[in-house]
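Welcome to a guided look at a protein chain. Please take a moment with the sequence and the 3D view, and then read on for a tour of the strands, loops and cores.

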Amino acid sequence: MGLFGFGKKKITDVLNSPVVGKVQTLENVADPVFAQKVMGEGFGVVPNNEKIYSPVTATVTSVFKTKHAIGLKTDDGLEVMVHMGLDTVELNGEPFEIKVNEGDKVEANTLIATMNLNKVKDAGKDTVVLTIVTNTADKLERAEMTVNDTSSVDNGDAIMSVTLK
């Protein structure tokens, strides 16, 4: 690091796909709160299977009581939420099985949950799995998609590059 913090190196990190499926930019997500990035920068993936993986190496900070979302925090202080489906909070945890607990340390690509896609669809809900940086305003200088909208991806594929402030 340079004198008085000048020349401080910017940290760039990658958010990986939490599921096998097709990428959906936030602007194309059918929920205005996410589409307008009120919750933060991120992306969606419309899943082809039920296995949900961590998009980052982090500590599990929260498992929502309704099991539809999991909070993660990286060592660099990035707060990432994996949100399974839209309006699935109304399903009271029924289609979800959580594989981690608060305080667990997970690597990128660790299985963190499963989502019964048929139960979500039968309830008339969207199955998109969102990866959102919830502290975007405080931590991100820049976020860039590294794949195109509707690209097919595997879990663990790099989807978004983020540069921390």
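## A three-strand sheet

Let us begin with one pair of residues: Glu97 has Thr114 of β10 as its bridge partner. The pairing behind this match is that of β8 with strand β10 (residues 111-115), which is antiparallel and has three bridges. These two strands belong to an open sheet of three strands, ordered β4-β10-β8, with antiparallel pairing. The edges are taken by β4 (51-53) and β8; each has a single partner strand, so one side of each is left without a neighbour in the sheet. From one strand to the next, the twist averages 25°.

As general background, the strands of a sheet pair through backbone hydrogen bonds, and they do so either parallel or antiparallel.

## How far to trust the model

What you see is a predicted model. The mean pLDDT of the protein chain is 93, and 95% of its residues reach 70 or more. Residues 1-5 are an exception to keep in mind, with a pLDDT below 50. Beyond near neighbours in sequence, that stretch has two contacts in the model. Where pLDDT is low, the predicted coordinates should not be read in detail.

## A second open sheet

Another open sheet of three strands follows the order β1-β14-β12, and its pairing is antiparallel. Here β1 (12-16) and β12 (140-145) stand at the edges; one side of each is left without a neighbour in the sheet, because each has a single partner strand. Ignoring direction, neighbouring strands of this sheet are turned by 25° against each other on average. Five bridges hold the antiparallel pairing of β12 and β14, and Leu140 stands opposite Leu164 in β14.

Is Thr163, in strand β14 (residues 158-164), buried or exposed? Thr163 is buried, with a relative accessible area of 4%; the cut-off for buried is under 20%. Its side chain makes a polar contact of 3.4 Å with the side chain of Thr12. Setting aside neighbours within four places in sequence, the contacts of Thr163 include Lys10, Ile11, Leu140 and Arg142.

## Around strand β5

Now find strand β5 (residues 58-63), which is joined to strand β9 (residues 105-106) by two bridges, the two running antiparallel. On this side, Thr59 has Lys105 as its bridge partner in β9.

β5 also pairs with strand β6 (residues 69-73), in the antiparallel sense and over four bridges. Val63 is matched with Ile70 in β6. Together β5 and β6 form a hairpin with five residues between them. In its turn, Lys67 has a positive phi of about 65°.

## Two loops with unusual backbone angles

Most residues other than glycine have a negative phi, and most peptide bonds are trans. Against that background, look at Lys37, whose phi is positive and near 60°. Lys37 lies in the loop between α1 (32-35) and β3 (41-47), and it is partly exposed, with a relative accessible area of 29%.

Asp87 also has a positive phi, near 60°. Its loop is the one between β7 and β8, and Asp87 is partly exposed at 42% relative accessible area.

That loop, between β7 (79-84) and β8 (96-98), also holds Leu86. With 5% relative accessibility, Leu86 counts as buried. Leu86 and Phe34 are 52 residues apart along the chain, and their C-alpha atoms are separated by 9.6 Å. Leaving aside neighbours within four places in sequence, Leu86 is in contact with several residues, including Val29, Phe34, Val128 and Leu130.

## The nonpolar cores

Which residues touch the most other members of the largest nonpolar core? They are Leu15, Ile52 and Leu72, in a core of 32 residues. At least two residues each come from β3, β5, β6, β7, β10, α2 (117-122), β11 (129-133) and β14. β14 gives the most, with four residues.

A separate core, of nine residues, lies apart from this one. Among its members are Val29, Leu86, Val128 and Ile132.

Returning to Leu72, its contacts beyond four places in sequence include Ala58, Val60, Leu78, Val80 and Val106.

Definitions and conventions: Residues numbered from 1 in each chain as written. Predicted model: local features only at pLDDT ≥ 70, side-chain atom pairs only at ≥ 80, totals over all residues. Heavy atoms only, no water. pLDDT = per-residue confidence, 0-100. Contact = heavy atoms within 4.5 Å. Pairing = 2+ DSSP bridges. Buried < 20%, exposed > 50% of the residue type's maximum accessible area, 1.4 Å probe, protein only. Axes fitted to C-alpha atoms, helices over the stretch in contact; angles between N-to-C directions. Polar contact = N/O pair within 3.5 Å; in protein donor to acceptor, adjacent residues only side chain to side chain. Core = buried A, V, L, I, M, F, W, Y, C linked by side-chain atoms within 4.5 Å.
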